[in-house]
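Me: I would like a close look at a single part of this model, with its surroundings set out afterwards for context. Please keep the wording careful.

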Amino acid sequence: MKSISLSPRHFNSYKSFHSHNPFNPPSSSSISSSTSIPTMSISLNSHAFAGNPIKLKTPKPENPFSASSALESLNSQLLNNTHFSSSINFKVLPFKKGKPLATFSARPNDTSSTWHLGWIDLTDFKALFANSTLELTGDLFVYLGYLDEENSVYWGIDVSSEEVLVSEFASKSLCFVEVRTLMVASDWADARAMGELAIAGHARALLEWHNVSKFCGHCGGKTVPVEAGKRKQCSNPSCKKKVYPRVDPVVIMLVIDRENDRALLSKQSRFVPRMWSCLAGFIEPGESLEEAVKRETWEETGIEVGEVVYHSSQPWPVGPSNMPCQLMVGFFAYAKSFDINVDKGELEDARWHSREDVRNALTFAEYEKAQRTAAAKVEQMCKGVERQQSLSSDFNVESGELAPMFVPGPFAIAHHLISSWVYNEGSGSGLNKDRNSFSNL
């Protein structure tokens, strides 16, 4: 359970999370900036990039919405096979160098704008691709999911090599935007926005995995997509090794002192100014999650950890392209030693912070301003006027005064680890004020 303080605007949005707003595809085949993925019943108990509304279940192979059946229908339409009829709508989300196509629209009764994924009907996409030298086949597409109630199947495709498409999209106020920018630009209390963000993250992870798995790690042969891009297989007849999308697990932990009054936070040189966060690190082969928490904490800060308690996990597809499928696994960890020895090769600094200081760092004015600034950036990019400005300069409160410190926003699992501890709401994780026993797991 993730505990946060809601402003009146976000509280009203939160109350409406449990209503399902179905997506009605446009009646015409024209590209429309209003085309969007439906919202789903989510709450702040779902992390950003989780709760994908078109990836909720896997249909049977004979189902027309399954990956294999949908791919057969897709290939038929790409070949203009008039003997193969299908009532399924195909929606395509192009990516360029890891960036999904996006657009924007004004909020009703509001001066701000909001972004949407730039879904394109297959017919329109084929027309845009008509002048390309690349043959448009089903192997270029990756199956993302479906909505049977809307007769729609959704696909991702990497068009990084097709520069001519950029100007075509720009003429329709569509542009390619970093997933991380969309993450910051998302209103975390808007179910639709968080659903689309989850789709963008899933699609980026799959497409980037395809880009880094072009050859078999066993024999060096070329790999080919199988099951509509859900996996790959070596094309060498003597090998035929199956390759599945990789997942890179990362432990992220909030280290707490014996009295449960202080938390250990760190900062890295790549962080925006004044931001502190949890410790984190990749899991090594042959170690458990708990062992990884203890090892990383010791290596980075010299703190010895005893008890380790699971909190939640979060897909994190905004890392580097060579690690597209990170999974953040969050824990509380209780310190057995308290003298900090920072590894300067890993961290810029690490310090113990009191509960009151950390509570003050949960400054939503900063997050909301960053969200509005990023949303405005997406709008300007889609208008062809990209700003050369770092988002780090936008983490300011409305008065212009700077908070002494702040922690990552609600889109990050670190925020929810920290806020759960601050408000002493561990949801069964054993966060009690007085802890007198520590295990040596």
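Which residues of α10 are buried?

Reply: The buried residues of α10 are Ile413, Ala414, His415, His416, Leu417, Ile418, Ser419, Ser420, Trp421 and Val422, where buried means under 20% relative accessible area, exposed over 50% and partly exposed in between, with a 1.4 Å probe and protein chains only. Helix α10 spans residues 413–422 and is mostly covered, 10 of its 10 residues being buried; helices are DSSP runs of H or I with at least four residues and strands are runs of E with at least two, numbered from the N terminus. Just after α10, Asn424 takes a positive phi of about 55 degrees.

This is a predicted model, in which local features need pLDDT of at least 70 and side-chain atom pairs count only at pLDDT 80 or more, while totals for chains, interfaces and linings use all residues. Residues are numbered from 1 along each chain as its sequence is written, and side-chain values use heavy atoms, with hydrogens and water left out.

As for the setting of α10, the chain holds 10 helices and 16 strands, and buried residues make up 55% of its 441 residues. Another helix, α6 (residues 191–212), is also largely enclosed by the rest of the structure, because 20 of its 22 residues are buried. From its first C-alpha to its last, α6 reaches 32 Å, close to the 32 Å expected at 1.5 Å a residue, that expectation being 1.5 Å times one less than the number of residues.

Within α6, Arg192 forms a salt bridge with Glu196, their closest N and O atoms being 2.1 Å apart; a salt bridge here is a side-chain nitrogen of Lys or Arg within 4 Å of a carboxyl oxygen of Asp or Glu. The two residues lie four residues apart, about one turn of the helix. Arg192 counts as buried because its relative accessibility is 10%, and Glu196 counts as buried because its value is 0%. At the N-terminal end of α6, Asp190 acts as a cap, with a side-chain oxygen 3.0 Å from the backbone nitrogen of Arg192.

A search of the whole structure finds 14 salt bridges. One of them joins Lys383 to Glu379, with closest N and O atoms 2.9 Å apart; Lys383 is exposed, because its relative accessible area is 52%, whereas Glu379 counts as buried at 19%. Salt bridges also link Glu284, Glu287, Arg295, Glu296 and Glu299 in a network.

Technical notes: Polar contact = N/O pair within 3.5 Å; in protein donor to acceptor, adjacent residues only side chain to side chain.
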